[in-house]
Amino acid sequence: IVPKFMVNDDGTPGERNDVRCVSIEHKMGIHASPTCVMSYGDEGGAIGYRVGEEHRGMRAMFTMMNSARIAVGVQGVAIGDAAYQKALVYSQERVQGSEIGGDTPGAVPIIRHPDVRRMLLFMKSHIEAMRALIVYNAAAIDLSRALESDAAERWREGAELVTPVTKAWCTDVGVEVTSTAVQVFGGMGYIEESGVSQHFRDMRIAPIYEGTNGIQAMDLVGRKLAMRMGGVVTDHLDRIRATVAELAEAGDEFDSMRAELSASVETLSEVTNWIMTNGLADPVEALSGATPYLRIFGIVTGGWLLARQALAARPVRPAVSPVDRPGHDDDHGGDGADGDEPLLAVEHPAAGTGPAAEVSVSEAITPRTVPGAPGQPSATPGSARAVLTWTAPSSTGGAPIRARAAPWRPSGRSHSRPA
């Protein structure tokens, strides 16, 4: 700490220290965060005070830096999303050119043009992937503190692995997203009055401060891949492969997603193995490819997290079929094993438990999946839930009522768990 004024023994302000602000910097962006040029010791020497232990400054700084790196990654999402929202609205309002292959006569909003839609989808998909990575990184830190023993250690390692990716990939992509937003605006994007150019200027600093993105890539390749003799990154790749297996079981609609993610994770694995093998023999060669490697890592990890979101967003589709009260011998063969969806037993105070003449889903609630520790499977506490409308048997007049539904089980099994 270098104070502006020295402090006397009695605590009162003393002489002015030999430190001066010599100019305010004129920066490209973030003008609301002024910085300056400082001069120390021009008139004999400034006095400063060491904070912490000698030769331990870098270690102490990185305690702060890890949080700062994630916070800067958040800027990539925040500024990128602001630019995307502006570009989206502009593309819906700006009318120019006729629609290629369309039936609408005259000029149309530019969002109808394929290349504009491509740019908007690039921005939207990357913003969602960046946001998912940051939440995953933050959740890993939280779980490392909330859990104990091996599970906590696995999450701590996972957080350390992805932190440089969160900082570097999210800010690099944030610059690309804000630049693309300017492109959507066309010539108006280059005019300050549009407001979108400010997002690009403000974003450009993020790949530089809190450790340049080249330093983040060197950290990933030089330190993080070596954690637990490569075991940490192997756990990460295995978690992605586990999602590939889930996609394979999720149905035909996920086939293209499964194929792309499967090919991508194997490419990332191959490059990782090359860096870990050749980096020992020639560190310069490995570090020369560190930045492209980090980008591959970010793209594959972001795609993996979006695939997990797609799996979690699958609609709840309970197989609704009239069932008898518990204890009845059935021909349906169990409670959802071997790929069959569980039948539903419907209970209502006015009718007891019995067969349903007609049941329809009026509101679906997607279950939340809780990730396991790195290398461990995810867990979904409880079953999928749904709000059903039941047209009751004639004993209740046949009127539609709202009823609680629970998984139907063969004789001797409970109906109490929510469906």
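How are α7 and α9 oriented to each other? Select both helices: α7 and α9 are roughly antiparallel (an angle over 145 degrees; under 35 counts as roughly parallel, 65 to 115 as roughly perpendicular and the rest as oblique).

**Before going on**

This is a predicted model, in which local features need pLDDT of at least 70 and side-chain atom pairs count only at pLDDT 80 or more, while totals for chains, interfaces and linings use all residues. Residues are numbered from 1 along each chain as its sequence is written, and side-chain values use heavy atoms, with hydrogens and water left out.

**Whole chain**

Show the whole protein, which has nine helices and 11 strands (DSSP runs, H or I of at least four residues for helices and E of at least two for strands, numbered from the N terminus). Of its 419 residues, 35% count as buried (under 20% relative accessible area with a 1.4 Å probe, protein chains only; exposed is over 50%, partly exposed in between).

**Stop 1: the α7 and α9 pair**

Select residues 255–281 for α7 and residues 290–312 for α9. The two helices pack at an angle of about 150°, and their axes are 10 Å apart (axes are lines fitted to C-alpha atoms over the stretch in contact, with angles from 0 to 180 degrees between N-to-C directions). Next, show the side chains where the helices are in contact (heavy atoms within 4.5 Å). Residues of α7 there include M257, L261 and L268, and those of α9 include Y293, F297 and W304. By class, this contact has 13 nonpolar, three polar and no charged residues (Ala, Val, Leu, Ile, Met, Phe, Trp, Tyr, Cys and Pro count as nonpolar, Asp, Glu, Lys and Arg as charged, and the others, Gly among them, as polar).

**Stop 2: the β1 and β2 hairpin**

Select residues 5–7, strand β1, and residues 13–16, strand β2, which pair in the antiparallel sense over two bridges (DSSP must find at least two for a pair). F5 stands opposite R16 in β2. The strands form a hairpin with five residues between them. Select G11 in the turn, where phi is positive, about 90°.

**Stop 3: H199**

Select H199 in helix α4, residues 196–203. H199 counts as buried, at 13% relative accessibility. Leaving aside neighbours within four places in sequence, H199 is in contact with I79, A82, A83, K86 and T178.

**Stop 4: Y209**

Move to Y209, in the loop between α4 and α5 (213–224). Y209 is partly exposed, with a relative accessible area of 26%. Add A68: its C-alpha atom and that of Y209 are separated by 9.8 Å, although the two residues are 141 residues apart along the chain. Apart from neighbours within four places in sequence, Y209 is in contact with I30, V72, Q75 and K167.
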